[in-house]
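User: Please take a close look at the second largest pocket of this predicted model. Put it in the setting of the rest of the fold.

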Amino acid sequence: MDFYENGEVDPLVIIKEYKTYQAFLEAVEKELYIGRLNEQEKTTLEYLSKTILSGARPFELEILRQLMKKPSISINEIREIFIRRYDYKVNMQSIDNAADVLQGKFVSKDDEYKRFCRIDILEEDSNNIFHRMNNFTTRLQNEEFKKQIDDIIEVGLKRYHDKYQSSLKNESPFVLYEKYSRRDVSLLMNCGRDLSSTMYGMKRIDDDVFIFVTYHKEESTDEQKSYVDGKPDYADAFEDNMIFRWDSQIGRGVDSSYVSDVVNTKRKHLLVKKSDAESNFYYMGEFDIVDVCAARKRDNNGKERDITKFEMKMHHPVREDLLRYLQSNLQQGLQNNTQEFKAI
């Protein structure tokens, strides 16, 4: 919590590198660190750190905070808390989904579920009451474990209030120009599972479609290969602060179901990151499609294949400083804009 409040290190950077703050302390302080956790406690911290620490939404954090204070809480009490603290009437789908997340179900693979389903935090009875599980109550007697759970909750809620709180008042759960991981998108869309492994380029979720763009593609150094790692040289770029041009995946023609998903979905969202060095994407907002046209592109085998070119118009003009950052030379941008965009 001190790291976040003092602006020293983003806790998410620590989690990306070490998975838990516990592992970070063990690596940095080595034999001087005396706090010890068992494997289930470490697993619980790892899951919560990668799932709710970002603060992208408050539902799981608030439920967990209440269960740290008392052994049970009803769904009606949870809804009253959100009305009182957030002036927001949370729906049952979000509460049910949050409970599933806290039961270790927000995973992408079966082996992950087998591991994280044993975090044993809460269970729900037939009267719509969430109960803190006895196993979790016992683990909270370990002061180090309890402190780290408290820190996850406090940092997550602080990040939420600092960055994402306005989303509750929006029709969309996303905040313009804030950063989101593919995992966050799965969480905010109440997918029930982590779909990030399938969110490359484009992903349709019910009536929403998400376009994920890396603005500066890595260039190949192999003269025999047109594209680095087999990635086509997509012409994805902002023409100005309203118009964005985007190429479909190679092999996706105008009559493909892929293109149909983009064209016919009710809400269309654009998320952009500057380069592969960045983990998360800036949410650029919703867009409308202005034009769709067929084109051809050579793959790495030199074969001409269908693609589809899109012209998109953003619902809001892109913020000028963010646009300059994305469009700037990659190396120069990394050197000159890192400090400026810590605040974005």
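Analyst: Helices and strands here are DSSP runs, numbered from the N terminus; a helix has at least four residues and a strand at least two. Lining residues are those with an atom within 4 Å of a pocket point. The model is predicted.

Start with the pocket. The second largest pocket holds about 710 Å³ of space. Its lining counts 30 residues, and those closest to the centre are Asn170, Glu171, Ser172, Pro173 and Phe174. Three elements each give two or more residues to this lining: helix H7 (92-102), strand E9 (267-273) and strand E10 (281-298). E10 has the largest share, with three residues. By type, the lining of the second largest pocket has 13 nonpolar, eleven polar and six charged residues.

Now the core. H7 and E10 also each give two or more residues to the largest nonpolar core. That core has 58 residues; Leu48, Leu64, Phe130 and Val185 touch the most other members. Other elements giving two or more residues to this core are helix H4 (39-51), helix H5 (59-69), helix H6 (75-86), helix H10 (143-164), helix H11 (182-188) and strand E6 (208-214). H10 gives the most, eight residues.

Phe130 deserves a closer view. Beyond its neighbours within four places in sequence, Phe130 contacts Ile63, Leu67, Pro71, Ser72, Ile73, Ile75, Ile78, Ile95, Ala99, Leu122, Glu123 and Glu124. Of these partners, Ile95 and Ala99 fall within the span of H7 (92-102).

Apart from the largest core lies another, of 25 residues. Phe238, Val259, Phe310 and Met312 are among its members.

Then the whole protein. It has 14 helices and eleven strands. Of its 344 residues, 47% count as buried. Among contacts with a separation of 6 or more, 62% join residues 24 or more positions apart.

Last, confidence. The average pLDDT is 86, and 82% of the residues score at least 70. Two stretches call for care. Residues 227-231 stay under 50, with 13 contacts in the model beyond four places in sequence. Residues 331-344 are also below 50, and this stretch has 18 contacts beyond near neighbours in sequence. Where pLDDT is low, the predicted coordinates should not be read in detail.

Notes
Residues are numbered from 1 along each chain as its sequence is written. This is a predicted model: local features need pLDDT of at least 70, side-chain atom pairs count only at pLDDT 80 or more; totals for chains, interfaces and linings use all residues. Side-chain values use heavy atoms; hydrogens and water are left out. On a 1 Å grid over the protein atoms alone, a cavity is a set of points where a 1.4 Å probe fits but cannot get out, and a pocket is an open set with protein on both sides within 12 Å along at least five of seven lines; lining residues have an atom within 4 Å of a point. Grid points are joined across faces, edges and corners, and a volume is the space filled by probe spheres set on the points. Ala, Val, Leu, Ile, Met, Phe, Trp, Tyr, Cys and Pro count as nonpolar, Asp, Glu, Lys and Arg as charged, and the others, Gly among them, as polar. pLDDT is the predictor's confidence in each residue, from 0 to 100. Contact means heavy atoms within 4.5 Å. A nonpolar core is a set of buried Ala, Val, Leu, Ile, Met, Phe, Trp, Tyr and Cys residues joined through side-chain atoms within 4.5 Å. Buried means under 20% relative accessible area, exposed over 50%, partly exposed in between (1.4 Å probe, protein chains only).
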